[in-house]
Amino acid sequence: MSEARARLLASASRLFYSEGLHSVGIDRVIADAGVTRATLYRHFPSKDDLLVAYLTAADQAIRAGIETARTGKASGADAVRAVAESIADGIRTPGFRGCAFLNAVAEYPDPAHPVHQAVLTHRQWFLEVVTELLAHAGETAPEPAARHFVMLRDGAMAAGCLSDPAPVCETFRLGVEGILKYRDTPVVPPEKAGRASQA
């Protein structure tokens with residue numbers, strides 16, 4: 001990656017995350033990065049290209065962080081806990097403004113837009129990784145449990161930038177422990193559970 005591209009992406013990433021995708025214009029990124037307009041358009045032909053590059057960089061950082069968190073753990077459950085702790089660490093980081101991907105999709109709700117597509121790609125990967133981790137931890141129904149984990153994570157990310165992150169992170173960790181505690185419990189569809197309670 002060229003120095004100019006790296007500066008542009010660093011400036012764009014910081015500004016987009018802290019101030020929003022629509023509110024930060026190309027001129028602001030150019031000024032912050034200290035490059036010319038021609039340089040920006042040579043690397044990113046449109047603002048959409050720059051937005052997708054920002055989300056791609058965020059995705060790569062999260063992938064690397066999760067790989068680091070899960071590596072070398074003694075058990076599958078410890079790997080799940082380590083990933084949860086890495087998420088909690090992010091929420092406690094100064095300047096935290098929620099999930100970059102949830103923030104982005106709120107600004108670009110059209111499913112066909114490249115930004116929306118980048119968000120969906122990241123979230124599908126994250127769900128698959130958590131499903132795999134929970135399967136290794138002995139979860140008998142890893143995909144529903146992984147969806148539960150992702151919902152807990154989404155809630156923690158949203159709440160973590162609205163109030164004191166300490167109790168938010170503690171609640172998130174307790175929720176993950178609940179998933180692990182009941183990982184060997186068979187999943188009963190709601191309609192069958194209702195019939196069983198009436199019997």
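**Close-ups of the aromatic cluster and the nonpolar core**

**View 1. F126 and its ring partner F149.** In this predicted model, F126 is buried, its relative accessible area being just 6%. Four aromatic pairs turn up in the structure, 4 in total, and one of them joins F126 to F149 in a tilted arrangement, with 6.3 Å centre to centre and 50° between the planes. F126 belongs to helix α7 and F149 to helix α8, so this pair ties together parts 23 residues apart in sequence. F149 is buried too, with a relative accessible area of 1%.

**View 2. F149 meets F172.** Here the pair is edge-to-face, at 5.8 Å centre to centre and 75° between the planes. It links distant parts of the chain, since F149 sits in helix α8 and F172 in helix α9, 23 residues apart. Both F149 and F172 are buried.

**View 3. The aromatic cluster and a charged neighbour.** W125, F126, F149 and F172 come together as one aromatic cluster. R153 joins the scene as well: its charged end sits over the ring of F126, 5.5 Å from the ring centre.

**View 4. The largest nonpolar core.** This core counts 62 residues, and F16, V29 and F149 have the most contacts inside it. Elements giving two or more residues include α1 (3-19), α2 (26-33), α8 (142-160) and α9 (165-181). The top contributor is α7, with 10 residues.

**View 5. Around V29.** Leaving aside residues up to four places away in sequence, V29 touches L8, S11, A12, L15, F16, V24, L40 and L50. One of these, F16, is also among the residues with the most contacts inside the largest nonpolar core, as is V29.

Note on methods:
Residues numbered from 1 in each chain as written. Predicted model: local features only at pLDDT ≥ 70, side-chain atom pairs only at ≥ 80, totals over all residues. Heavy atoms only, no water. Core = buried A, V, L, I, M, F, W, Y, C linked by side-chain atoms within 4.5 Å. Buried < 20%, exposed > 50% of the residue type's maximum accessible area, 1.4 Å probe, protein only. Helix = DSSP H or I, 4+ residues; strand = E, 2+ residues; numbered from the N terminus. Contact = heavy atoms within 4.5 Å. Phe/Tyr/Trp six-rings, centres within 6.5 Å; stacked < 30°, edge-to-face > 60°. Lys NZ or Arg CZ within 6 Å of the ring centre and 35° of its normal.
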